[in-house]
Amino acid sequence: MDLRRGKDFPSALLLMKLWITLLLNAGISGAASVDYDGWKVLEVYLETVSDDVIPPTLIKLEDMEAEGYLALLSVSKVKGTAEVTVSPEALEDLSKMQDDGLITFDIISDNLGKILESETRQQQQRKVLRSSITFDSYMSYNDMTSYLESLEAEYPNKVRVKEVGKSVEMRPIYLVRLTNNIGDNTEKNVVFIDGGIHAREWVSPHSALYIIKNLLSASKFTENTEWQIIPMLNPDGYVYTWESNRMWRKNRASFSTCHGVDLNRNFGYKWGGLGTSNNPCSDIYKGPSAFSEPESQALRDAMLPLAGKVKAYITFHSYGQYIIYPWGYSTQVTHPQTATMNQAGKVMARKIKRQTGAVYRVGNSAVSYYPAAGASDDWTSHEMKVTYVYTIELRDTGSYGFIIPANQILPTVKDAWTAAKYMGKLVERKYT
Ligand code: 0X9
Ligand code: ZN
């Protein structure tokens, strides 16, 4: 059942008009580069509702997004808000709705285009050597790929890099395996990590790469544990955020009306449940069937042979600074490992606070956000029977959202490294 398809707001005619305006002005669904000049970021207030009910305003925002009317950036159940970005034209209409008491919002950023411009300027100053990685500016897809492709030759005793699938546009999806004396094929416990499921969440693949880089020089973490890391699960989406639309979230699968499946709604546990959409134009489109996408298949197929060995799974996303654990598909069903995941999550958050000063909230994912079914965390927890499963929503808490300035990449990836180190140590302590 799709709870998210409100029909009454705003009128179909108004949406149609705005949709056409947006397509002409912004090209949000087209191939041309999307210009966010003058777009505002709004914090929209959501109704307080009982568990497993999606607030009506959020349903409306999602419908408006599927119509190309705005882009939904993040939701926080704790704050009771959703952040959206709207064009100047759409803002006029939303302001009328606010005057009519249909919606309440504050403008929290005046011009998304200016923030993006400064990001582009910083990128243009960047000079990287092939096969080197940096965390003082964002790496392109090619920078990342060259680095990954160089690893095995440079660290033959510690690293294997394997292609575990190809994206819709046929880019390789790499899995990096790291452990001491890798050639010995010793059976070890596995900590599995992925990044880049959502294209615009740039700090996520950077975090996975930072963890890889640090594991290469810290042999105590790779003694008894094997790390398996897919740093970039959605390469097409990432490239698309560089070339065409910085705010793109999904993969680049092609449908008759729109592009993209939300990979974090495409996994095969409770697929199509709450918090998902049937509409290919929606940012939370679940896809035509569970695991319909080569990217989610790649993660599934990399993990399945590791049954019984994977002891912890972290999937990096942004933003909001949350450490959240299953179930994410419902607030009504309590996961049997709730106490264990909550306790370890709290230790993780404390360690991050001590290390970098950043404050991460810890909690159940359906409660902290809103229920969202078909995500990689629920599938891993259910199918792989992994005890420690976390989605980590990295920095920030909304000032820049996905467009974290380059000078905050390093502090953010250090949060991720602190979380990963703790997971590695915990797995070693509990299972070795
Ligand atoms: O909605 C998502 O996919 C994740 N948040 S994000 O803002 N990065 O898109 C949260 C997923 C949490 N896990 C589940 N709902 N299972
Ligand atoms: Zn995400």
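A residue is called buried when its relative accessible area is under 20%, exposed when it is over 50%, and partly exposed in between, with a 1.4 Å probe and protein chains only as cover. The following points concern a predicted model, in which local features need pLDDT of at least 70, side-chain atom pairs count only at pLDDT 80 or more, and totals for chains, interfaces and linings use all residues. Residues are numbered from 1 along each chain as its sequence is written, chains are lettered from A and ligands numbered from 1 in the order in which they are written, and side-chain values use heavy atoms, with hydrogens and water left out.

1. I197. At 1% relative accessibility, I197 counts as buried. This residue lies in the loop between β7 and α6; helices (H or I, at least four residues) and strands (E, at least two) are DSSP runs, numbered from the N terminus. The C-alpha atom of I197 is 5.2 Å from that of L233, although 36 residues separate the two along the chain.

2. Helix α6. This helix comprises residues 203-216, and 14 residues at 1.5 Å each should span 20 Å; the C-alpha atoms at its ends are 20 Å apart, which agrees. The expected span is 1.5 Å times one less than the number of residues in the helix. Of the 14 residues of α6, 13 are buried, so the helix is mostly covered.

3. The zinc ion. Ligand 2 is a zinc ion whose protein donors are H198 (ND1), E201 (OE), E201 (OE) and H317 (ND1), at 2.0 to 2.3 Å. Donors are N, O and S atoms within 2.8 Å of the metal (3.2 Å for Na, K and Ca); water is not among the atoms, so sites may look incomplete. The spacing of the donor residues in sequence is H-x2-E-x115-H. E201, in the loop between β7 (189-194) and α6, and H317, in strand β9 (residues 310-318), are 116 residues apart, and the pair links distant parts of the chain. E201 is buried at a relative accessible area of 3%, and H317 is buried at 1%.

4. Ligand 1. Around ligand 1 there are 16 residues, the closest being R249, N264, R265, D377 and E393; a residue is near a molecule if one of its heavy atoms lies within 4 Å of it. A polar contact is a pair of N or O atoms within 3.5 Å; within protein, one must be able to donate a hydrogen and the other to accept it, and residues adjacent in sequence count only if both atoms are side-chain atoms. Nitrogen atoms of ligand 1 take part in such pairs with the side chain of E201 at 3.0 Å, the side chain of E393 at 2.7 Å and the backbone of S318 at 3.5 Å. The protein covers 95% of the 420 Å² of accessible area that ligand 1 has on its own, as computed by the Shrake-Rupley method with a 1.4 Å probe.

5. The disulfide. How many disulfides does the structure hold? There is one, formed by C258 and C281 with sulfur atoms 2.1 Å apart; the cut-off for a pair of cysteine sulfur atoms is within 2.5 Å. The torsion about its S-S bond is about 90°, so the disulfide is right-handed. Both C258 and C281 lie in the loop between α7 (235-243) and α8 (294-303), so the pair ties together parts that are 23 residues apart in sequence.

6. S87. This residue is in the loop between β3 (81-86) and α3 (88-99) and is buried, with a relative accessible area of 2%. The side chain of S87 reaches the backbone nitrogen of A90 at 3.1 Å.
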